[in-house]
Amino acid sequence: MLQSRIGETIDQIVNEYRGRRGVLLQVFHRIQEAFGYVPPEAMEPIAAAFRIPPSTLFGTLTFYSEFRTEPPARVQVGMCLGPTCHIKGAEVVKQILEYRLGLSGEHDASLDVAIHEVECAGHCHLAPLVYVNGMPEGPVEVSAAQQLADRILSQVSA
Amino acid sequence: METVKISIDGQEYEVEKGIPLVLAAERAGVRIPHLCFNEGLSVFAGCRVCVVNIEGARGLPTSCTTPTADGQIIWTKTPEVLDMQRGVMSLILADHPDRCLSCHRQEHCGIQGVCLRDAVVTYRCLTCAKNGRCEFQSTSEEMEMHRYPMRYYQERHSWYGPEHKELPIRRENPFVELDFNECILCTRCVRACDEVRGLSCYEMTYKGPEAKIGTSFGLPLQGVGCDGCGACVDVCPVASILDKPSKWKGVADQAVSTTCTLCSAGCTLDVEVKDNAFLRAAANRSDGANHGVSCARGRQALGAQSSATGRVGRPLIRRDGKLVESTWDEALAFLAQQLPAYKGAFASIISSRLTNEDGYLLSRFAREVMGGDAPAIHTPVDDSALVEPLAGMLGVAASTNPLDDIGDAKCVLVFGSDPQVSQPVAAWQARRTARFTGGTLMVASPRQIELNQQAQQWLQYRPGTESALIAGLLSTILEENLTATEFVAANTQGLEALQASLAALTPARCAELTGVPEADIRSAARAFATAPGSAIVYDAGITQFTNDTGAVSALVDLALLTGQVGKPGSGIHVLRSGGNTQGLSDLGLATGAVLTTLDAARSGQVQALFIAGADLAGLDATRNAATAIDRAAFVVVAGTMLDATAQLADVVLPLTAPLEQAGTVTNSERRVQRTEAVLPAPDRTEPLWGVLQALATAMGAAGFQAADANAVFEQAVQATPAYAGLSYGALAEGGKQWGAPVLYGDGFPGGKALFRPVTLPQSPVVPDASFPLLVAIGYEPLAYHLEVQTAREDPHSRPWDDDVLQVHADDAARQGVADGDRVRVVTQHGEFAGVAAVTTNGLPGVVTLRLPALEDASVITGAVAAMAAQANGARLTAGRLEK
Ligand code: SF4
Ligand code: SF4
Ligand code: SF4
Ligand code: SF4
Ligand code: FES
Ligand code: FES
């Protein structure tokens, strides 16, 4: 997005909340909805509108793990590590996915795929369970992990 | 002070009631280890090292959160307490890279010795910049952590160390270096920047094991508003935040408190000395003028003059066109022989940083021995117009209230000024109002200044319309009946004339003139008039016309009309330009006279010049002073450096530098304070007063002898009614204000205070087709004052950019100028080149010159020389932008 458009969107959101108290988290949420993360450019306008120094804002922002301070990956992989998935080999599945997706060791640093752990979501019948951009898939057995990884990669490169 | 009786470790103590126990114990001489607690900051209670046993209390409470109360029985050394304290400390050590502190072999090699265990290169105190002056180190030692079996992390730590956090060391800031690898997360820095400075550059970011101190998106400190005040440096208990220039210079031999003379705040600084040289300076936290606040200028530049290379080491006399070394005896004899010929054609100029004793004796010398006028005070910016209305309308030529009253006021109006630059302590006070006392801070300024971040209201006027804006405030108050009627009736006269002068200056008309919306003028006037205490703060930026007192008179009118004089938490605060301008003018020396003095030399009316401590010829701003100095037949320059002015002299006299001389200075709140000889003066340098008494005596004048600064000060007190009752001895520890702390509490000296009619400046600068832009002067905060002492010694040390021309984005777009382009501003009177900074801070149609070396009174006729309309002494002119 163009720099000026980012600025405009931020100003719009900030203006909606201007003069109100206790709305900081809402503002962060709205900005994250708009951009997928809270960009550094957001700090000055928020600081000015709510009279909160930028570093203090950043402290609040980074306190909540929901908020991202960097653009999110295109594909978000959620790996369930709940008890059932654990028993069915989720750790190994995760390692395979990480390796194939280039997320571990020397292959690191792809912005387009991110893998994170999630809690049991009650889909234990699908264990080992993997979310791909929020959609549950399973069972992703150890043997199927490689194919899933390849599918994700083709999605990313598409 | 209410006290209570408590018992600590079986001993009875009488201590102040309600203060943190850890502090009460410390004052009583019992040390309870603590890390996050720091006197003067709020309580955080994060380190948990300060636990004690209090009989009857549950568990082991932290002594920093427990207020003292009558009958408390406290045990600080029971096995249970010690075990808990050390257990907690061991957890903090586990996260700290040093390994010696917890190493059981420490007794063999010591924390500063060669490691007997794993001599690999590691983080150790020995290789740490804070070694020997580290609070964490001393606390660990005091707790004997090396004897404690590290129960919680065992050998892992003390053998091949923890995984380092590997955080990058941040070296971008010229004054503060950050290395959070040693950080113990005590948050003192967060609290200091927030509570002491009101800036909040740091915050605890992320959480859990990832938690670290950080700035917004990891920006360098200067990107989040830091001005290098060093408050965080002073409190950090480890090596994470250090004064950059002195980071690796080690431990001081001694520290001496003295007064900073670099601006009119007059901060008390603790100057650390090593090997008889300046090491570093820190803010003194007792009750001086500054309450533990200081600024980069004082911390960095004050010591530089002493260590400067190129100091004049002995008297110089010009022979056959060359300055040659001589002796004091010779130089004095030569002067005594030459000077009498110039009686009546003699003038002198003295730097506003020299002491009262220097000024007093120079003044006497000039008048009594040489038959000349009182010396002219050379100030960074001409501020003569700033105090005349205070004297003329109220009675005393000085600020009405102590600086503290800015912070105590419920409404602060900072007018046309940038205190962050001219007097950082006043800026801190103003911020205190906005942030901590629930008061209103209003900034009236053409451009955004640092204080805008905290200000609730910004009146953005066009440069040159200061008086019109104040007129708008006055008219609103009259129209809306917000006048302090009783006060005005009892204490003032001349209201009718004021009213008459405002007849045409309605709020609406003033809005038109200034460009400030009428609603804003009205709301600002209401806020100011209705607050229980309102303070006005201004510096030399208030008037764009050097000889125009109109804006200041109008501000005095404002204070009178609303009854904001003569009571605490209000008042008119003038931030004088120059460290001791207040003191020197109290003693009768003249402000605003440098240019006329130089003119007199140029015209031949003055033939002998005596210039003390002011490098008139060397500064961009007064380069043309050289022509005047050249014209004088006989020039004496007293100073520390062989600078451009000294090069023009017939005789050069080597002076002691500020940190080498004891004496007194007076800050802008009329506080007379002592400066101490912190450093030994080089052989053959003398304080100015010492030189003058010898010279006057050699010339046969009587009554100049004085044994020391003390004796000169006593003489000065005798001769200065305002200083009656002051004594040198009583000025130690924070000094003493002359006059009542709050002036006019029991009426005005002349019976009544005088309103003055509001007049708008005679010749406002009007841009036209060929010169469509207004050209104004701004200050480069870090450069202000710093260059003179630092850049000259080390050209690479300039912590700021080149000369900058601040151009509004609209004008830049029209002219095709991009950020960073080299551009010229062309005016009728000359031109000025610099780098364009394109910004939306400011008004379209206004270009601001941000001058690094704004050290000089005649900036107005100097660098911008020519740019300024000399006829009315404007700092404002019309011009155009060229690529
Ligand atoms: S910060 Fe202090 S304790 Fe840590 S290594 Fe440096 S001197 Fe030692
Ligand atoms: S130096 Fe002063 S302004 Fe800068 S971060 Fe430290 S406390 Fe804050
Ligand atoms: S940087 Fe220093 S003052 Fe700040 S939290 Fe860390 S140890 Fe404490
Ligand atoms: S605020 Fe002024 S007096 Fe205080 S340290 Fe800075 S320059 Fe010196
Ligand atoms: S444990 Fe994975 S879905 Fe329940
Ligand atoms: S000093 Fe009491 S908890 Fe840190």
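**Stop 1: helices α16 and α18 of chain B**

The crossing of α16(B) with α18(B) is left-handed. This model is predicted. To see the crossing, select residues 495-502 of chain B, which form helix α18, together with residues 466-479 of chain B, which form helix α16. The axes of α16(B) and α18(B) come within 10 Å and cross at roughly 110°. The two helices are therefore roughly perpendicular to each other, since angles of 65 to 115 degrees fall into that category.

Next, display the side chains at this crossing. From α16(B), the residues Ala471(B), Leu474(B), Ser475(B) and Leu478(B) meet Leu498(B), Gln499(B) and Leu502(B) of α18(B). Sorted by class, this contact has 5 nonpolar residues, 2 polar residues and no charged residues.

**Stop 2: helices α16 and α21 of chain B**

Keep α16(B) selected and add residues 550-561 of chain B, which form helix α21. The axes of α16(B) and α21(B) come within 9 Å and cross at roughly 20°. Because angles under 35 degrees count as roughly parallel, α16(B) and α21(B) are described as roughly parallel to each other. Here too, α16(B) passes α21(B) in a left-handed crossing.

Which residues of α16(B) meet α21(B)? They are Glu466(B), Ser467(B), Ile470(B), Leu473(B), Leu474(B), Ile477(B) and Leu478(B). Their partners in α21(B) are Gly550(B), Ala551(B), Ala554(B), Leu555(B), Asp557(B), Leu558(B) and Leu561(B). By class, the contact of α16(B) with α21(B) comprises 10 nonpolar, 2 polar and 2 charged residues.

**Stop 3: the five-stranded sheet of chain B**

Now turn to the strands that these two helices lie across. In chain B, an open sheet of 5 strands follows the order β18-β17-β16-β20-β21, with parallel pairing. Its edge strands are β18 (457-459) and β21 (571-574) of chain B, each of which pairs on one side only. Neighbouring strands of this sheet are turned by 15° against each other on average, with direction ignored.

Select residues 534-538 of chain B to highlight β20, which is joined to β21(B) by 4 bridges and runs parallel to β21(B). Within this pair, Ala535(B) stands opposite Gly571(B).

Restore the helices to the view. Helix α16(B) lies across β16 (411-415), β17 (440-444) and β18 of chain B, and runs at about 155° to β16(B). Helix α21(B) lies across β16, β20 and β21 of chain B, and runs at about 170° to β20(B).

**Stop 4: a hairpin in chain B**

Select residues 316-319 and 322-325 of chain B, which are strands β12 and β13. These strands run antiparallel and are joined by 4 bridges; Arg318(B) stands opposite Leu323(B) in β13(B). They form a hairpin with 2 residues between them, and Asp320(B) in the turn has a positive phi of about 50°.

Strand β12(B) also pairs with β24 (residues 651-654) of chain B, through 2 bridges and in the antiparallel sense. Ile317(B) stands opposite Val651(B) in β24(B).

**Stop 5: three ligands beside chain B**

Select ligand 4 and display its surroundings. The shell consists of Cys260(B), Leu262(B), Cys263(B), Ala265(B), Gly266(B), Cys267(B), Cys295(B), Arg297(B), Gly298(B), Pro424(B) and Val425(B). The elements giving two or more residues to this shell are α8 (296-301) and α15 (424-436) of chain B. The shell divides into 8 nonpolar, 2 polar and 1 charged residues.

Move to ligand 3. How many residues surround ligand 3? There are 14, and the closest are Cys183(B), Cys186(B), Thr187(B), Cys189(B) and Cys236(B). By class, the shell around ligand 3 has 11 nonpolar, 2 polar and 1 charged residues.

Then select ligand 1. Its surrounding residues include His96(B), Asp98(B), Cys125(B), Cys128(B), Lys130(B) and Cys134(B). This shell has 7 nonpolar, 3 polar and 2 charged residues.

**Stop 6: the four-stranded sheet of chain A**

Finally, move to chain A, where an open sheet of 4 strands has the order β2-β1-β3-β4, with mixed pairing. Strands β2 (113-118) and β4 (135-137) of chain A each have a single partner strand, so one side of each is left without a neighbour in the sheet. Neighbouring strands are turned by 25° against each other on average, direction ignored.

Select residues 75-80 of chain A to show β1, which pairs with β2(A) in the parallel sense over 6 bridges. Gln76(A) stands opposite Ala114(A) in β2(A). Add residues 90-100 of chain A: this is helix α6, which lies across β1, β2 and β3 (130-132) of chain A and runs at about 160° to β1(A).

Definitions and conventions: Residues numbered from 1 in each chain as written. Chains lettered and ligands numbered in written order. Predicted model: local features only at pLDDT ≥ 70, side-chain atom pairs only at ≥ 80, totals over all residues. Heavy atoms only, no water. Near = heavy atom within 4 Å. Nonpolar A, V, L, I, M, F, W, Y, C, P; charged D, E, K, R; others polar. Axes fitted to C-alpha atoms, helices over the stretch in contact; angles between N-to-C directions. Parallel < 35°, antiparallel > 145°, perpendicular 65-115°, else oblique. Left-handed = near helix turned anticlockwise from the far one by under 90°. Contact = heavy atoms within 4.5 Å. Pairing = 2+ DSSP bridges.
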